[in-house]
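User: Please take a close look at one part of this model and describe its surroundings in a connected way. I would like to start from a single strand and follow its contacts outward.

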Amino acid sequence: MYVYIIRHGQSRGNIDYSLRDAEPFHPLKTELERKDPSLTRLGREQAELAGKRLSQIEFDAVFCGPLHRQIDTAAIVMKHQKKKVKIEVLSDLTEVGLEGYAGTPTEFYGELFPDVEIIPCSDPSPTGGPGVIPSSAENSEGFRLRGRRLVEYLKKRFSGSDTILLSTSAMFGGAIVIPALLELTDNDIDTGKNFEFNNTCISMVELTDDGKKIVHFSNDITHLSLPEGEDSTKYPF
Amino acid sequence: MRLYVITECDDSAADRAGRQMAGVPLDAVIYGDSERGKSTADAVVKYQEKLDTPEMVSELCENKTLTDRERAKAVKEMITERFKGCEKVAAIMPAEFFGNSFGAVIMKMSDEAIDNGAAFGCHEGAISSFAVGTSAEASFVNSTLHLKVSDPEMIKNF
């Protein structure tokens, strides 16, 4: 199984407070914008570039966390895919520090993400975890638990050359998802094995059927680094 | 200290890696006893203003008495001790040694995790970057953009 992991594009939460007012957000989200910021214009451009580069990969499934920036990034990537799959929202992919928050309300999905089909996260989640991560769960044990729960779910559902995409955030993706895919020990994870994740970076971990876990690359931002006019689809992973 | 690992490669790829690293002022470039290690290290030094020559270190040399993992640990210890106080060091090593041993060791993964199959991909001429210190952090792993651009002149520095 090939697991591609993308961090969301730049969000309003990633820029200086004084610049946020200049970035548009949907009126539906006025009350939620502080907790669940939208992508900035740059963030959307980054996601388009990542989507174009990822168009050379055909995904069998696409998962994202329940946050607006995570869903939006997956939705933009999906626009560039020839094979259309539904985007599956998993509470376990939410960012750390947002426990107790269910994510963008599902009744907004149609208006915010009109171009894609989305399967909202159920409660319990398909991974077996809760539909909303309880606020009391998120100590380091909680992070590890949901990282491992996610990986076990993926391993039950996919194998061989199955190729999937996870759209998540920097802390959870870099400090939990990759270590969980590598099946690192509690001590390994607690001592901070961290993979840096820039906005829309792409990482890929292969889980082989005979038990190997290989980080093929991490924090690849080729799509943001190419000379102007270069076609990123000419740059294989 | 930031460690850049560049995997041994042919002359063309080494030149591209050197160009890619030109914007990173390195305090040292180290390599083992292989011809390709030496030529890759030379190509990296060529684009460095502060350095005249790379340095062969015994820990990166073939060693029949140590397993690859033991050798990887010895390399990590040597780098940590010897280059304490340095900001940026590049180590040239064979791709398979990086992928199967050194990558996991520099990320301070336990023997148990490595025994269970944790590893890194290994592409010749790829560049990876790690923070070496109390935490284990990979800034990026197996960056190969410099190997893929059609014209080496298009390579941007890190």
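The request and a connected answer follow.

User: Where does strand E7 (residues 202-207) of chain A sit, buried or exposed, and which strands pair with E7(A)?

Analyst: The model is a predicted one. Within it, strand E7 of chain A covers residues 202-207, and 5 of its 6 residues are buried, so the strand is largely enclosed by the rest of the structure.

Two pairings of E7(A) can be described. Strand E1 of chain A, residues 2-7, runs antiparallel to E7(A) and is joined to it by 5 bridges. In this pairing A:Val3 stands opposite A:Val205 of E7(A). Strand E8 of chain A, residues 213-220, also pairs with E7(A) in the antiparallel sense, over 5 bridges. Here A:Leu207 faces A:Lys213 of E8(A) as its opposite residue. E7(A) and E8(A) make a hairpin with 5 residues between them, and A:Gly211 in the turn has a positive phi of about 100°.

The E1 side leads into the nonpolar core. The largest such core has 103 residues, and A:Val3 and A:Ile87 are the ones that touch the most other members. Leaving out residues up to four places away in sequence, A:Val3 touches A:Met204, A:Val205 and A:Leu207, along with A:Leu154, A:Ile164, A:Leu166 and A:Leu181. As a general point, nonpolar side chains in soluble globular proteins tend to be buried together.

The E8 side leads to the other chain. E8(A) is joined by 3 bridges to strand E5 of chain B, residues 118-120, and these two strands run parallel. A:Val215 has B:Phe120 of E5(B) as its bridge partner. The pairing belongs to a wider contact between the chains, in which 26 residues of chain A are in contact with 25 residues of chain B. On the chain A side, at least two residues each come from helix H6 (186-190), strand E6 (193-195), E8 and helix H7 (222-225). E8(A) gives the most, with 8 residues. By class, this side of chain A has 8 nonpolar, 11 polar and 7 charged residues.

Elsewhere in chain A, two backbone features lie in loops. A:Glu183 is not a glycine, yet has a positive phi of about 55°. A:Glu183 belongs to the loop between helix H5 (170-181) and H6 of chain A, and H6(A) is one of the elements that supply residues to the side touching chain B. A:Glu183 counts as partly exposed because it has 17 C-beta neighbours inside 10 Å. The other feature is a cis peptide bond between A:Asp123 and A:Pro124, with omega of about 5°. A:Pro124 is placed in the loop between strand E4 (118-119) and helix H4 (140-157) of chain A.

Chain B offers a residue to set beside A:Glu183. B:Asn142 likewise is not a glycine and has a positive phi of about 55°, but B:Asn142 lies in a strand, E7 of chain B, residues 136-143. With 28 C-beta neighbours inside 10 Å, B:Asn142 counts as buried, whereas A:Glu183 is partly exposed.

To return to the strand asked about, E7(A) pairs with E1(A) and with E8(A), and E8(A) in turn is bridged to E5(B).

Note on methods: Residues are numbered from 1 along each chain as its sequence is written. Chains are lettered from A and ligands numbered from 1 in the order in which they are written. This is a predicted model: local features need pLDDT of at least 70, side-chain atom pairs count only at pLDDT 80 or more; totals for chains, interfaces and linings use all residues. A residue is buried if 20 or more other C-beta atoms lie within 10 Å of its own, exposed if 12 or fewer, and partly exposed in between; C-beta atoms are placed from the backbone. Helices (H or I, at least four residues) and strands (E, at least two) are DSSP runs, numbered from the N terminus. Two strands pair if DSSP finds at least two bridges between them. Two residues are in contact if their C-beta atoms, placed from the backbone, lie within 7 Å. Ala, Val, Leu, Ile, Met, Phe, Trp, Tyr, Cys and Pro count as nonpolar, Asp, Glu, Lys and Arg as charged, and the others, Gly among them, as polar. A nonpolar core is a set of buried Ala, Val, Leu, Ile, Met, Phe, Trp, Tyr and Cys residues joined through C-beta atoms within 7 Å.
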